[in-house]
Amino acid sequence: MATPRLGSGSRGLPQPQLLVLLLLLLVLLLLLGPWPAAGHGGKYSREKNEPELPPKREPPNSPGGEFRMEKLNQLWEKAQRLQLSPVKLSELHADLKMQERDEFAWKKLKAEGLDEDGKKQAKLTRNLSVILAKYGLDGRKDARAVSSNSLSDPTEEDSLEDPRLEKLWHKAKTSGKFSSEELTKLWREFQHHKEKVHEYNVLLETLSRTEEIQENVISPLDVSRVKEDMLHSKHAELKDRLRGINQAYDRLRKVSHQGYGPETEFEEPRVIDLWDLAKSSNFTEKELESFREELKHFEAKIEKHSHYQKQLEISHQKLKHVESFGDPEHVSRNKEKYAMLEEKTKELGYKVKKHLQDLSGRISRARHNEL
C-alpha cells in the first residue's frame, strides 16, 4: 500500500521539509515587523499628517525659570549664551535677583499710588542700565563682559583703564612698602574703584540721553516739572557718586604712598567705603559703634562669598579637565560638586548684595537727616 502524502499544494514535500518552510516564513514575518496598530498605521493617518505642535515656553513664574520676570530670564539666557565666567554669572545672578526684588516692591508702591513722580521707576531703569553695561549685555563691545577663568595672578592680566590709577599701582608695587597679602588687598581696592567709575559713567550717559529726549518732547507744564524733578534727582545722585569717587581716589593715593598703617580696620573695599561714609554721617557714637560691629559681620560674609567664588573657579577648571577624558562617573561627580558650589555662590552673592544695599540705605538716611 502506498504511503499517504500530506498537503495537496505542497507538491508532495515530506513533513520535515514543510515544517522548516513554515518556520522560515514565521522568521521573515517577525523580521519585517512591527506592524502599525489600528488607528496609527500608514502615511495617511491623522497622526502622520497633523503638524507637530512646538514645545510650550515655560511661563516666567514657572519652577523651571530662573526668575519670575520674563525680561530678566531673557537677560540671564543671553549671559549664558555669551559664556561669561562662572563667577561673573553668579555676580549677575545676584544683581538680577536684587533688580527683581526692587521691581516687585515698586509695583506694589505703584498700585498704592506712592510713586506718582516716577522717581523710583526711573531709578530702577538706571539700575538695570548699569547691570547691562557692567556685564556687556547692552549690545556694546566691552572687555569687561568676557572674563577669564584663569587662576593666575589677576594683577598681571587686568587693566585699571585709568592712567592715574595705573601710575599709583605701579608706584605701590615697586615701593617695597607692601607685603604680597597687602598688595592683593590694595589691588582689590583699585578694582573696586574702577567699577565705581564705570557705574558713574553709565549713569552719566543715561542722564545725557534722558535730557536729549526731554529737549525734543513738548510736554504740558505739570509733566515738564515732574521731569525736571527727576533730572534734578539724577544730578544729585551723580554728584554724590562723584564725591565718593574723589574721596576713594584720595584714599588710594594716600595708601599707595604711605602703605597700610596700624589703624587700618577693614580689608574689603566695599566695607572700607561704607566705614568712611559712616564716619562722616550724622551717627551718634553709640550708633557708629553698632554700625562698626555690623560691618565686621558684613566683611565676614564677603570673605565667605569670595571663598566660594574661588572654589567655583577651581571646580570649573577641574570639570573642563575631567570632561576631556570622558570618564562618565568622574564627570558626573564633578558636575554635582560644581552645581552645589554654583548654587551656594549665587545664594551668598544675593545675601551680600542685599546686606550692602541695606547698609548703604542706613548711611543715606543718616546723611539725609543731617541735611
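How many residues apart are Glu 289 and Arg 292 in helix H10? They are 3 residues apart, about one turn of the helix, which spans residues 285-323. The legends below describe this pair and other close-up views of a predicted model.

**Figure 1. Overview of the predicted protein chain.** The protein chain contains 11 helices and 0 strands. Along the sequence, the pattern reads α-α-α-α-α-α-α-α-α-α-α. Of the 371 residues in the protein chain, 34% are buried. Contacts between residues at least 6 apart in sequence include 71% that join residues at least 24 apart. The accessible surface of the protein chain amounts to about 24,700 Å², and carbon and sulfur atoms account for 55% of this surface.

**Figure 2. Confidence along the protein chain.** The mean pLDDT of the protein chain is 78, with 72% of its residues at 70 or more. Residues 1-10 have a pLDDT below 50, and this stretch makes 4 contacts in the model beyond near neighbours in sequence. Residues 142-157 also have a pLDDT under 50. For residues 142-157, the model has 26 contacts beyond four places in sequence. Where pLDDT is low, the predicted coordinates should not be interpreted in detail.

**Figure 3. A salt bridge between helices H7 and H8.** Side chains of opposite charge can pair when their charged atoms come close. The structure holds 21 salt bridges. One of them joins Arg 251 to Glu 189, with the closest N and O atoms 3.0 Å apart. Arg 251 belongs to helix H8 (residues 221-258) and Glu 189 to helix H7 (residues 180-215), so this salt bridge ties together parts that are 62 residues apart in sequence. Are the two partners buried or partly exposed? Arg 251 has 22% relative accessibility and therefore counts as partly exposed. Glu 189 has 6% relative accessibility and therefore counts as buried.

**Figure 4. The largest cavity and its lining.** Rolling a probe the size of a water molecule over the atoms shows where empty space is left. The model contains 2 cavities of 30 Å³ or more. The largest cavity holds about 70 Å³ of space. Which residues line the largest cavity? The lining consists of Glu 189, His 192, His 193, Ala 248, Arg 251, Leu 252, Pro 269, Ile 272 and Asp 273. Helices H7, H8 and H9 (269-279) are the elements that each give two or more residues to this lining. Both partners of the salt bridge in Figure 3, Arg 251 and Glu 189, are among the lining residues.

**Figure 5. A salt bridge within helix H10.** Glu 289 and Arg 292, the pair of the opening question, both lie in helix H10. Their side chains meet in a salt bridge with an N to O distance of 3.1 Å. Glu 289 is partly exposed, because its relative accessibility is 37%.

**Figure 6. A salt bridge within helix H11, and a network of salt bridges.** In helix H11 (residues 328-370), Lys 351 and Glu 347 lie 4 residues apart, about one turn of the helix. The side chains of Lys 351 and Glu 347 form a salt bridge with an N to O distance of 3.2 Å. Lys 351 has a relative accessible area of 39% and is therefore partly exposed. Glu 347 also counts as partly exposed, because its relative accessibility is 36%. Elsewhere, Glu 91, Asp 95, Lys 134 and Lys 353 are joined into one network by salt bridges that share partners.

**Figure 7. Gln 83, a loop residue with a positive phi.** Most residues other than glycine have a negative phi. Gln 83 is not a glycine, yet its phi is positive, at about 60°. Where is Gln 83 found? Gln 83 sits in the loop between helix H3 (70-81) and helix H4 (86-111). Its relative accessibility is 68%, so Gln 83 counts as exposed.

**Figure 8. Glu 161, in the loop between helices H5 and H6.** Glu 161 has a positive phi near 60° and is a residue other than glycine. Glu 161 is placed in the loop between helix H5 (119-134) and helix H6 (163-175). With 49% relative accessibility, Glu 161 counts as partly exposed. Glu 161 and Gln 191 are 30 residues apart in sequence, and their C-alpha atoms are 9.9 Å apart in space.

Conventions
Residues numbered from 1 in each chain as written. Predicted model: local features only at pLDDT ≥ 70, side-chain atom pairs only at ≥ 80, totals over all residues. Heavy atoms only, no water. pLDDT = per-residue confidence, 0-100. Contact = heavy atoms within 4.5 Å. Salt bridge = Lys/Arg side-chain N within 4 Å of Asp/Glu carboxyl O. Buried < 20%, exposed > 50% of the residue type's maximum accessible area, 1.4 Å probe, protein only. Areas by Shrake-Rupley, 256 points an atom, 1.4 Å probe, with all protein chains shown as cover. 1 Å grid on protein atoms, 1.4 Å probe; cavity = no way out; pocket = protein on both sides within 12 Å on 5 of 7 lines; lining within 4 Å. Points joined across faces, edges and corners; volume = space filled by probe spheres on them.
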